[in-house]
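Reader: I have a model open and want to learn how to read it. Can we go through the packing and the sheet?

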Amino acid sequence: MRYSALSIFLNGLRGNKSWAPAWRDPAPKPHYDVIIVGGGGHGLATAYYLAKEFGVTNVAVLEKGYLGSGNIGRNTTIIRSNYLLPGNNPFYELSMKLWEGLEQDFNFNAMVSQRGVLNLFHSDAQRDAYTRRGNAMRLHGVDAELLDRQAVRQKLPFLDFDNARFPIMGGLFHPRGGTVRHDAVAWGYARGADQRGVDIIAQCEVTGIRSENGQVTGVETSKGFIGCGKLALAAAGNSTVVADMAGLRLPIESHVLQAFVSEGLKPFIDTVVTFG
């Protein structure tokens, strides 16, 4: 089923009883061309683009929990291309363009909201740094606007300009920046990959990796052994643990990161109701 305003309307008339599952719940096959460990955004995106762009569909994504249960389950992520270095700007601008067409690409609401990203500056030195960044952005065709104190006040009148711990002197505004829902991104990629033949296997924890003569041959899982030609690791904070199963010591450390992200809410509008 393709999601649309019409499908939502018709299913509403039927009491929302006609929706099909967004993706299948297949049993694992004995062997895949590619196995991807980790059913988060990176793992599912890898599977989706392997199938969509390269026609590689004999792929399994193994997730030890449910989809959206890991690092991807955080509420919101910021999307932006407001970077300074020459290598960063074109890379993240391409990413922005992918974000802007992503929901139409896999036909799923990832809650992309381009409300803009505003970085405040609190000193002359920060202003000069943001001026350089803004100029670098514009040279690479990225939208950027340097705002003074009054312009920030007009855009964000709820900020406390008089009693702030650090004085608000202005900011660098990136209009096309915004937010998306992490878990919705994972579900959209899952639905798109599944429609192209990828097997997404949840509640399937990888417990070991088999190899012969330095070549990975498959993975031991809580649902039995599954063979593969290629193995990809996209296990976020567990990447070092999973890689260690193959005798591969990654030069990284995993650290717990907690972020408090507020939900964007539309302002309330006072409504006056009169009777007479």
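Reader: How do the axes of α2 and α6 cross, and how close do they come?

Author: Two packed helices are described by the angle between their axes and the distance between the axes. Here helix α2 (residues 41-54) and helix α6 (residues 182-195) have axes that come within 9 Å and cross at roughly 30°. So α2 is roughly parallel to α6 (angles under 35 degrees count as such). Axes are lines fitted to C-alpha atoms, for helices over the stretch in contact, with angles from 0 to 180 degrees between N-to-C directions. Helices are DSSP runs of H or I, at least four residues, and strands runs of E, at least two, numbered from the N terminus.

Author: This is a predicted model: local features need pLDDT of at least 70, side-chain atom pairs pLDDT 80 or more, while totals for chains, interfaces and linings use all residues. Numbering starts from 1 along each chain as its sequence is written, and side-chain values use heavy atoms, without hydrogens and water.

Reader: Which residues of α2 and α6 make the contact?

Author: Contact means heavy atoms within 4.5 Å. From α2 come G41, L44, A45, A47, Y48 and Y49; from α6, A186, Y189, A190, G192 and A193.

Reader: What is the order of the strands in the open sheet?

Author: Strands of a sheet pair through backbone hydrogen bonds, either parallel or antiparallel. This one has 6 strands, ordered β8-β2-β1-β11-β10-β9, with mixed pairing (a pair needs at least two DSSP bridges). Its edge strands are β8 (199-201) and β9 (206-212). β1 (residues 31-37) and β2 (residues 59-62) pair in the parallel sense over 4 bridges. Helix α2 lies across β1, β2 and β8.

Definitions and conventions:
Parallel < 35°, antiparallel > 145°, perpendicular 65-115°, else oblique.
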